[in-house]
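Biologist: Please take a close look at one part of this predicted model, namely the span annotated as DUF1731. How is that part built, and which aromatic and charged side chains connect it with other parts?

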Amino acid sequence: MKILVTGATGLIGKALLPHLNHDDITIISRDPTRAYQLLGHHINALDSLQSLPNLNQFDVVINLAGEPIMDKRWSEQQKRVIEHSRWNITQQLVDKIQASDNPPHTFISGSAVGIYGDQHDHTIDETFIIEPNNTDFSQQVCYRWEQIALEAQSDQTRVCLLRTGIVLAKQGGALAKMLLPYQFGLGGPIGDGQQYFPWIQLQDMVRGILFLINHNETQGPYNFTAPNPVTNCVFSATLAATLHRPHLLFTPAWVLKFALGESSQLLLDGQRALPNKLQAAGFNFSFPCIEQALKQTLGD
């Protein structure tokens, strides 16, 4: 297949591309030289979509681009960067799909479980009716992101949305940021620790994307979260146990709010999100439980 990928140099993209090595891969990267260094020269790297009048030549588009949401405080300027890095590239892809006489048959586009907002301990799946909250920035970002992507849906193109939880990987993402304090025995729950922590192991994330590519009947939103979400307290205790470290401290909510500002909501809010639709389609998780997932991830 001929596949176009955005966000290929990110955590998920770098893990996904080796599984597509029998396909003809084109990526969009602001720095093609760096992309070739990271990903190899078997791909074709373009610095923008401008050189492509349409996407007739592609069978599949995988849209993983987006500014990391937790790397910086959410100043008004940073919020605009987060929004535009997702919305603009997605709109460009949709416009080029719509301009195609023979468009890609599959458009897989990123999102996140943040679209559900803070749902406390309520169990939710893809049938949950989303009520946009003007005070929830991460929900607003995801909601608009999905609405743009769905504009590509047609009789010729199916759209799949990846409502992703916390991706567990040693080499990047949220877990990599957490490891140092835990390795020094300074890890612990955040806030009261009762907020649910929707997670997915990186290998299952990649396998899930490949599953959607290869199953033409799939479309719409999919929760990319393991079938056994845990509270932050359980996750924290399991991480400490996996590292054979004590689990004595905790981080009060006010400390996080002071240090991170509005973005602290990503750590204090919770979604008990289940991957019911993905499992109903026939996908089996290799790492359904947090103990097994952390042992595999930290043992890699």
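Modeller: The end C-alpha atoms of residues 251-296 lie 26 Å apart, and helix makes up 52% of this span against 4% for strand. The residue range itself comes from UniProt, where an unreviewed entry lists it as "domain: DUF1731".

Within this span, serine 264 offers a local view, as it sits in the loop that joins α8 (253-260) to α9 (265-268). Its relative accessible area is 4%, so serine 264 is classed as buried, the limit being under 20%. A polar atom of the serine 264 side chain lies 2.8 Å from the backbone oxygen of glycine 261. Leaving aside residues up to four places away in sequence, serine 264 touches Leu256 and Lys257.

Further along, phenylalanine 283 occupies the loop between α10 (276-280) and α11 (290-299). Phenylalanine 283 is buried as well, at a relative accessible area of 4%. Its ring forms an edge-to-face pair with phenylalanine 211, with 5.6 Å from centre to centre and 70 degrees between the planes. Phenylalanine 211 belongs to helix α6 (residues 202-214), so this pair ties together parts that are 72 residues apart in sequence. With a relative accessibility of 10%, phenylalanine 211 also counts as buried. Ring pairs extend this arrangement to a cluster of Phe211, Phe283 and Phe285.

A charged side chain adds to the description: lysine 277 is placed over the face of tyrosine 222, at 4.5 Å from the ring centre.

On the other side of these links is the annotation "domain: NAD-dependent epimerase/dehydratase", which UniProt, again in an unreviewed entry, assigns to residues 3-223. That span is 34% helix and 20% strand, and its end C-alpha atoms are 23 Å apart. Another charge-over-ring arrangement involves arginine 86, which lies over the face of tryptophan 145 at 5.2 Å from the ring centre.

The aromatic pairs in the model number 5. One of them joins phenylalanine 197 and phenylalanine 235 in a stacked geometry, at 4.1 Å centre to centre and with 20 degrees between the planes. Phenylalanine 197 is in strand β9 (residues 196-197) and phenylalanine 235 in helix α7 (residues 232-242), so the contact ties together parts that are 38 residues apart in sequence. Both rings belong to buried residues: phenylalanine 197 has a relative accessibility of 9%, and phenylalanine 235 has a relative accessible area of 1%.

Conventions. Residues numbered from 1 in each chain as written. Predicted model: local features only at pLDDT ≥ 70, side-chain atom pairs only at ≥ 80, totals over all residues. Heavy atoms only, no water. UniProt positions renumbered as here; feature names shortened; annotations may be inferred. Helix = DSSP H or I, 4+ residues; strand = E, 2+ residues; numbered from the N terminus. Buried < 20%, exposed > 50% of the residue type's maximum accessible area, 1.4 Å probe, protein only. Polar contact = N/O pair within 3.5 Å; in protein donor to acceptor, adjacent residues only side chain to side chain. Contact = heavy atoms within 4.5 Å. Phe/Tyr/Trp six-rings, centres within 6.5 Å; stacked < 30°, edge-to-face > 60°. Lys NZ or Arg CZ within 6 Å of the ring centre and 35° of its normal.
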